[in-house]
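Colleague: Please go through this structure with me and give the reason behind each term you use.

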Amino acid sequence: MSQPEAAKLNGNWKALFICHNPKVNRELTALFCHHLPSFSGFDVSAYPTRLQLANVFAAESPKLCLLEITEPSEKAIATIADLLRVDPKLPIVAVLPSNDPELVLRCLRQGASDFLIAPFTSEQVEGALQKMARLHPSRVQSPGKVYCFMPAKGGCGASTIASNLAYQLTRLGEKRILLADLDPLAGTLSFLLKIKSSYSFMDVLARAHDIDADLWKGVVSNRQGIDILLSPEVMTEGMSDLTDASSIIEYARATYDLVLLDTGGVYGEWNLSQAQLADEIFLVTTNELTALQSVQRSLSYLDSNSIGRFKVRLIVNRYDRHVGLSKDVIGTALHTDIFHLLPADYEAIQRSLMDGKPLAATTNFGKGIIDLVDRLAGSSEPHKKNSSLSGLLSLFSRPS
């Protein structure tokens, strides 16, 4: 492998082996270790279900998959679709017992990145890795981190949080930051930030297969060092039928250090595609009963669509311990930890909306956002209290 290609493949590489034959596992491990500076693998002996795969990815976070295709091949090929449902951009290398052009074509059409044919050689593995570097640049070139903000219900303040957090994240140093409004029906960032643009993410989708730096520069707006990608100002044909945001997210991940996605909620294929590709999902709610019921439904929906609970962070916005449910009741009722509380700060937020500017760091809400930045930068979690609670908990006792 050439030096430029090899440089792209630095880092820790963990592979998921779905192989029935231990000899295949050993041979491929030796070959991949020869080409990759840091390679490790773990295996599952049978073709797992989608739920089992979600659990495996939550525990191990593999960077690629080596999938042995055995006869009958239908179950193995179906596993490709399940793998991509859990991680849409996972490089999958189909491992074949012989040179069967029809089987190779079926695997590639299903979504495999490449294939290896027994007997395996160093040249085959090198070619597969070079193709992986071309097809999955975000996997091999220190990709940026993607945060996805999803309101449990409308009006919880997810857009306000995302926009203010984007500006405060500049405190982390020289970071390239993108704030993207990917709510096609009710995007509000242009209003919140008083930005007008003739272009939107729909223009990026129209060129999904050949996004380049010139196109991107033309569609984003820059405000105080933050690049902003807006949603369309008016409804256009096809907006309600969107299903896949991966072209936008993968380009952004490869271009920026931090990407913040402002979504319309958890429901539908368009929003699920964003949740699947995000490193962390911030589910935003208030401490009102109706909003918290929406949290329960949102978590159940994400679970049913194989979105790992491990990357969901619950943010309670406009929190006032004198109004609505308390922190202890919320956490216990929903059976999930509260990642962060943001205080009610109505007057400061209204002034910010009128001016189209982020809230000052001296406001209560601004201080809460700065605390959130510190959490994301790795500060330890606040001390958690245990509480024995009853009463209102029964309101959330419906099975998910």
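Modeller: A helix axis is a line fitted to C-alpha atoms over the stretch in contact, and angles are taken between N-to-C directions, from 0 to 180 degrees. The model is a predicted one. In it, the axes of helix H8 (residues 158-168) and helix H17 (residues 364-376) come within 10 Å and cross at roughly 65 degrees.

Colleague: What makes H8 roughly perpendicular to H17?

Modeller: The range for that term is 65 to 115 degrees. The crossing is at roughly 65 degrees, so H8 counts as roughly perpendicular to H17. The crossing of H8 past H17 is also right-handed.

Colleague: Which residues make the contact between H8 and H17?

Modeller: From H8 they are Thr160, Ile161, Asn164, Leu165 and Gln168, and from H17 they are Phe365, Ile369, Ile370, Leu372, Val373 and Leu376. By class, the contact of H8 with H17 has eight nonpolar, three polar and no charged residues.

Colleague: How do you know that none of them is charged?

Modeller: The charged class holds Asp, Glu, Lys and Arg. None of these types appears in the contact of H8 with H17, which agrees with the count of no charged residues.

Colleague: Now take helix H4 (residues 74-86) and helix H5 (residues 101-110). Why are they called roughly parallel?

Modeller: Their axes lie 9 Å apart, at an angle of about 20 degrees. Angles under 35 degrees count as roughly parallel, so H4 and H5 get that name. H4 passes H5 in a right-handed crossing.

Colleague: What makes up the contact of H4 with H5, by class?

Modeller: H4 brings Glu74, Ile77, Ile80, Ala81 and Leu84, while H5 brings Leu103, Arg106, Cys107 and Gln110. These divide into six nonpolar, one polar and two charged residues. Glu and Arg belong to the charged class, so Glu74 and Arg106 are the two charged ones.

Colleague: Which term fits H3 and H4?

Modeller: The axes of H3 and H4 come within 9 Å and cross at roughly 45 degrees. Roughly parallel needs an angle under 35 degrees, roughly perpendicular starts at 65, and what falls in between is oblique. H3 and H4 are therefore oblique to each other. Their crossing is right-handed. Arg50, Leu53, Ala54 and Phe57 of H3 meet Asp82, Leu83, Arg85 and Val86 of H4. The contact of H3 with H4 has five nonpolar, no polar and three charged residues.

Colleague: What makes S2 and S5 the edge strands of the five-strand sheet?

Modeller: The sheet is open, with the order S2-S1-S3-S4-S5 and parallel pairing. Strand S2 (39-44) and strand S5 (114-117) each pair on one side only. From one strand to the next, the twist averages 25 degrees.

Colleague: How do you know that S3 and S4 pair?

Modeller: Pairing needs at least two bridges. Strand S3 (residues 64-68) and strand S4 (residues 92-96) run parallel and are joined by four, so they pass the test. Within this pairing, Leu67 stands opposite Ala94 in S4. Helix H3 (residues 50-60) lies across strand S1 (13-18) and S2, at about 155 degrees to S1. Helix H6 (residues 122-135) touches S1, S3 and S5, and its direction makes about 175 degrees with that of S5.

Colleague: Why is the aromatic pair of Phe17 and Phe39 called edge-to-face?

Modeller: Nine aromatic pairs are counted. For Phe17 and Phe39 the ring centres are 6.4 Å apart, and the planes stand at 85 degrees. A pair needs centres within 6.5 Å, and planes over 60 degrees apart count as edge-to-face, so Phe17 and Phe39 meet both conditions. Phe17 is in S1 and Phe39 in S2, so the pair ties together parts that are 22 residues apart in sequence.

Colleague: What makes Pro72 and Gln224 worth pointing out?

Modeller: Most peptide bonds are trans, and most residues other than glycine have a negative phi. The bond from Glu71 to Pro72 is cis, with omega near -5 degrees, and Pro72 sits in the loop between S3 and H4. Gln224 is not a glycine, yet its phi is positive, about 55 degrees. Gln224 lies in the loop between S8 and strand S9 (226-229).

Note on methods
Residues numbered from 1 in each chain as written. Predicted model: local features only at pLDDT ≥ 70, side-chain atom pairs only at ≥ 80, totals over all residues. Heavy atoms only, no water. Parallel < 35°, antiparallel > 145°, perpendicular 65-115°, else oblique. Left-handed = near helix turned anticlockwise from the far one by under 90°. Contact = heavy atoms within 4.5 Å. Phe/Tyr/Trp six-rings, centres within 6.5 Å; stacked < 30°, edge-to-face > 60°.
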